[in-house]
Amino acid sequence: MTAEAMEAGPREGSDIDGDRPLRIALLTYKGNPFCGGQGVYVRHLSRELARLGHSVEVIGAQPYPVLDEGEGLEGLRLTELPSLDLYRSPDPFRTPKRDEYRDWVDALEVATMWTGGFPEPATFSLRARRHLRARRGEFDVVHDNQTLGYGLLGDLGAPLVSTIHHPITVDRQLELDAAPDWKRRASVRRWYAFTRMQKRVARRLPSVLTVSGTSRQEIVDHLGVRQDRISVVHIGADTNLFSPDPSVPEVPGRIVTTSSADVPLKGLIHLIEALAKVRTENSAAHLVVVGKRAEDGPVAQAIERHGLEGAVEFVKGITDAELVDLVRSAQVACVPSLYEGFSLPAAEAMATATPLLATTGGAIPEVAGRDGETCLAVPPGDPGALADGLTRLLGDRELRVRLGAAGRERVLANFTWARAAQGTAELYRAAIARNAGLPSGRRPAATPTYSGSHR
């Protein structure tokens with residue numbers, strides 16, 4: 001398609017509100033599923049959009065996204081848009097060699113890192129704009145996965161839909177609250193300086209997609225985005241992969257959680273404190289943490305203080321199959337977070353019929369459901385309440401079976417990636433129609449909620 005054709009509106013004979021396949025550019029500045037929820041989102045959403053018949057080109061930087069392959073996914077492909085990869089392992093915060101610099105965006109990336117900031121959202125957005133403008137007319141819609149960089153403002157050659165999982169200002173405030181001294185607080189403020197850019201950009205976005213009603217309200221309150229520009233599309237679990245398997249033996253006393261030890265909002269420190277209490281009555285209780293272990297810091301200190309070195313294990317880099325079997329083997333899955341914009345670990349654990357103990361932080365109740373029906377729910381930041389919940393579940397097999405079965409049914413009814421893709425595609429069509437200036441009667445509602453109840 002030529003630039004003139006794109007500027008003139010939709011393709012001749014197309015039906016914006018119909019079922020014709022769309023050509024989607026899905027942007028993600030950090031898309032590896034082993035690096036967090038944004039990568040998981042890209043992997044599963046892109047797969048399900050392709051299964052609906054759409055053409056999906058994921059455009060990402062290092063660590064590059066991992067995309068699924070197989071029958072029905074011929075329309076899914078990855079385009080690498082490399083950064084300088086300044087935070088790569090094993091040499092994070094590295095100084096690039098002179099011949100690595102390609103242009104002024106690379107210089108900006110290094111300068112921001114050298115001064116203690118996090119450059120990737122801004123620099124990826126600038127590279128993405130340049131890439132998209134060079135390919136004007138090849139896409140019907142551009143979908144940004146929480147980059148929210150200045151480069152995404154203006155004409156990208158196609159209408160823009162942006163996912164905001166939750167405002168990163170929430171993470172910033174929690175890290176400031178946990179900082180032990182003024183030096184650490186100054187470092188946190190500088191690292192999160194990019195959130196000022198994200199706030200300015202978010203306010204100018206025509207179409208924002210988020211994953212929960214709680215996140216929608218946080219986006220309004222923290223970022224100042226108008227509520228009528230925000231739509232909720234629940235994400236979910238891969239219910240074929242995350243499923244019950246009676247052949248996997250249950251390990252007595254095993255508790256599983258997904259967390260990084262150095263991220264305060266994940267609440268791992270409170271779960272460690274709770275485990276110490278539980279083990280005074282149940283010596284078999286032990287914790288497996290899917291995530292990175294910090295060699296120093298509050299979590300490491302708590303493990304040492306309570307003598308839990310043999311009762312807490314960290315695992316990282318395991319395969320999907322290994323992760324599923326680990327969750328299946330647990331007597332309890334726990335989400336101790338102080339805040340979540342959705343909580344994929346909760347949905348995935350419930351999908352395996354593993355009983356869930358979760359806090360009521362952020363949007364977790366939207367996923368986990370009501371206390372005593374599909375999970376046990378406790379206040380965030382309360383080690384005593386976590387300990388009581390763990391003790392109750394570890395000691396009551398009938399309760400575990402009942403909550404596990406109800407949890408899986410809740411996920412099947414409300415939180416699947418197929419539902420998420422369908423709702424997202426509807427928002428694409430609304431954005432395309434709005435960009436083409438079609439009458440409002442031909443567009444979907446401005447702020448719908450897709451794929452499940454808020455019980």
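**Exercise 1. Which residues have the most contacts inside the largest nonpolar core?**

Solution. The model is a predicted one, and its largest nonpolar core has 57 residues, within which Leu 49, Phe 342, Leu 356 and Trp 417 have the most contacts. Turning next to where the members come from, helix α16 (residues 417-435) supplies the largest share of this core, namely 8 residues. Apart from this core lies another one, of 38 residues, including Leu 86, Tyr 87, Leu 148 and Leu 160.

**Exercise 2. List what Phe 342 touches, not counting residues up to four places away in sequence.**

Solution. With contact taken as heavy atoms within 4.5 Å, the partners of Phe 342 are Val 211, His 234, Ile 235, Gly 236, Ala 347, Ala 363, Ile 364, Val 367 and Phe 415.

**Exercise 3. Establish the strand order of the open sheet and explain which strands stand at its edges.**

Solution. The open sheet is formed by 6 strands, which follow one another in the order β10-β9-β8-β11-β12-β13 with parallel pairing. Because β10 (312-315) and β13 (376-378) each have a single partner strand, they stand at the edges, and one side of each is left without a neighbour in the sheet. On average, neighbouring strands of this sheet are turned by 20° against each other, direction ignored. At the β13 edge, strand β12 (residues 356-359) runs parallel to β13 and is joined to it by 3 bridges, and Leu 357 stands opposite Leu 376 in β13.

**Exercise 4. Find the strands that helix α9 lies across.**

Solution. Helix α9 (residues 268-278) lies across β8 (254-258), β9 (286-290), β10 and β11 (332-335), and the helix runs at about 165° to β9.

Notes:
Residues are numbered from 1 along each chain as its sequence is written. This is a predicted model: local features need pLDDT of at least 70, side-chain atom pairs count only at pLDDT 80 or more; totals for chains, interfaces and linings use all residues. Side-chain values use heavy atoms; hydrogens and water are left out. A nonpolar core is a set of buried Ala, Val, Leu, Ile, Met, Phe, Trp, Tyr and Cys residues joined through side-chain atoms within 4.5 Å. Buried means under 20% relative accessible area, exposed over 50%, partly exposed in between (1.4 Å probe, protein chains only). Helices (H or I, at least four residues) and strands (E, at least two) are DSSP runs, numbered from the N terminus. Two strands pair if DSSP finds at least two bridges between them. Axes are lines fitted to C-alpha atoms, for helices over the stretch in contact, and angles run from 0 to 180 degrees between N-to-C directions.
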